[in-house]
Amino acid sequence: MTRCTKLAVFAAIFAIPTLALAHSGATGIVKKRMEVMKDVGAVMKELGAMVKGDANFDASTVARRAGDLKVHAAGMPALFPEGSIHGPSEALPQIWADFEEFSRIASDLESAAATLSGVTEAAALPAALGAAGKTCKACHSDYRKP
Ligand code: HEC
């Protein structure tokens, strides 16, 4: 195999999971924020498994994934430039009618993630994760298609 062909094969292999991540047809900023939201969902699932007892409590995983969550939350408002609803987007135009409120909920998630990242005992995890989870519902109920 020439070097070029090898690169093309690698590119093809690595492109597949990336495409599978976003809703089919999503492009640009919509695709990007869907990928961010997917990881946000993955963090909740991963830490939720510790709450349910399906995984062992591990403070370093909590700190690392809550850190990811915090970064995602801080970046959320910028992932919603005005009017960016296209393709399979489930965003509602109400986002831009109340952008301040929308951003405030993202910042609530950022603070909840900061608290979560400091959780060092299993007993404190349910409440801290629950507080983060409340912000998902608060935002989705007003700003995402049901
Ligand atoms: C500040 C508002 C806001 C917050 C906070 C928020 N989301 Fe979202 N989320 C949205 C919007 C809007 C969409 C739809 C985006 C689109 O389709 O263009 C979305 C979409 C999603 C999706 C679907 C992604 C896809 O592939 O279509 C998942 C999963 C998700 N959010 C999980 C979460 C979880 C879990 C939390 C809480 C930890 C959360 N979100 C917090 C606004 C928010």
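# A predicted helical protein with an iron site

A search through the whole of this structure, which is a predicted model, turns up zero disulfides. Two of its cysteines can be described by how much of their surface is accessible: Cys136 has a relative accessible area of 23% and is therefore partly exposed, whereas Cys139, at 14%, counts as buried.

## Overall build

The protein contains six helices and zero strands, so that, read along the sequence, its pattern is α-α-α-α-α-α. Of the 146 residues in the protein, buried residues make up 30%. If one takes the contacts between residues at least 6 apart in sequence, 67% of them join residues at least 24 apart.

## The iron site

Which residues coordinate the iron atom of the ligand? Met37, through its SD atom, and His140, through its NE2 atom, do so, at 2.1 to 2.5 Å. These two residues belong to distant parts of the chain, since Met37 lies in helix α2 (residues 28-52) and His140 lies in helix α6 (residues 125-143), with their positions 103 residues apart in the sequence. The site of the iron atom has six donor atoms, and with angles of 86 to 179° among them it is octahedral. Both protein residues at the site keep some accessible surface: Met37 has a relative accessibility of 29% and so counts as partly exposed, and His140, at 30%, also counts as partly exposed, because the range for that label runs from 20% to 50%.

## Helix α2 and its surroundings

Helix α2, which carries Met37, has 25 residues and reaches 36 Å from its first C-alpha to its last, close to the 36 Å expected at 1.5 Å a residue. Its buried residues are Val30, Arg33, Met34, Val36, Val40, Val43, Met44, Leu47, Gly48, Ala49 and Met50. What covers these buried residues includes helices α3, α5 and α6. Just after α2, Gly53 takes a positive phi of about 90°.

One residue of helix α3 that can be followed in detail is Thr61. When its neighbours within four places in sequence are left aside, Thr61 is in contact with Glu46, Leu47, Met50 and Ala66; among these, Leu47 and Met50 are also in the list of buried residues of α2. Thr61 has a relative accessible area of 15%, and because buried means under 20%, Thr61 is itself buried.

Gly75 also has its place in helix α3, which covers residues 59-75. With a relative accessible area of 27%, Gly75 is partly exposed. Gly75 and Ser103 are 28 residues apart in sequence, and the distance between them in space is 9.9 Å, C-alpha to C-alpha.

## Aromatic rings

How many aromatic pairs are there in the structure? The count comes to three, and two of them are described here. Phe99 and Phe102 form a stacked pair, with 5.7 Å from centre to centre and 25° between the planes. Both residues lie in helix α5 (residues 99-117), where they are three residues apart, or about one turn of the helix. Phe102 also pairs with Tyr143: their ring centres are 5.4 Å apart and their planes stand at 85°, so this pair is edge-to-face. The pair of Phe102 and Tyr143 links distant parts of the chain, for Phe102 is in helix α5 and Tyr143 is in helix α6, 41 residues apart.

Taken together, ring pairs link Phe80, Phe99, Phe102 and Tyr143 into a cluster. Are the rings of this cluster in buried or exposed residues? Phe102 is buried, with a relative accessible area of 3%, and Tyr143 is likewise buried, at 3%, whereas Phe99, at 29%, is partly exposed.

The table below gathers relative accessible areas for some of the residues discussed above.

| Residue | Relative accessible area | Class |
|---|---|---|
| Met37 | 29% | partly exposed |
| Thr61 | 15% | buried |
| Gly75 | 27% | partly exposed |
| Phe99 | 29% | partly exposed |
| Phe102 | 3% | buried |
| Cys136 | 23% | partly exposed |
| Cys139 | 14% | buried |
| His140 | 30% | partly exposed |
| Tyr143 | 3% | buried |

Methods: Residues are numbered from 1 along each chain as its sequence is written. This is a predicted model: local features need pLDDT of at least 70, side-chain atom pairs count only at pLDDT 80 or more; totals for chains, interfaces and linings use all residues. Side-chain values use heavy atoms; hydrogens and water are left out. Donors are N, O and S atoms within 2.8 Å of the metal (3.2 Å for Na, K and Ca); water is not among the atoms, so sites may look incomplete. Four donors count as tetrahedral if all angles lie between 85 and 135 degrees; four count as square planar and six as octahedral if opposite donors are over 155 degrees apart and all others between 65 and 115; anything else is irregular. Helices (H or I, at least four residues) and strands (E, at least two) are DSSP runs, numbered from the N terminus. Buried means under 20% relative accessible area, exposed over 50%, partly exposed in between (1.4 Å probe, protein chains only). Rings of Phe, Tyr and Trp (its six-membered ring) pair if their centres lie within 6.5 Å; planes under 30 degrees apart count as stacked, over 60 as edge-to-face and the rest as tilted. A disulfide is a pair of cysteine sulfur atoms within 2.5 Å. The expected span of a helix is 1.5 Å times one less than its number of residues. Contact means heavy atoms within 4.5 Å.
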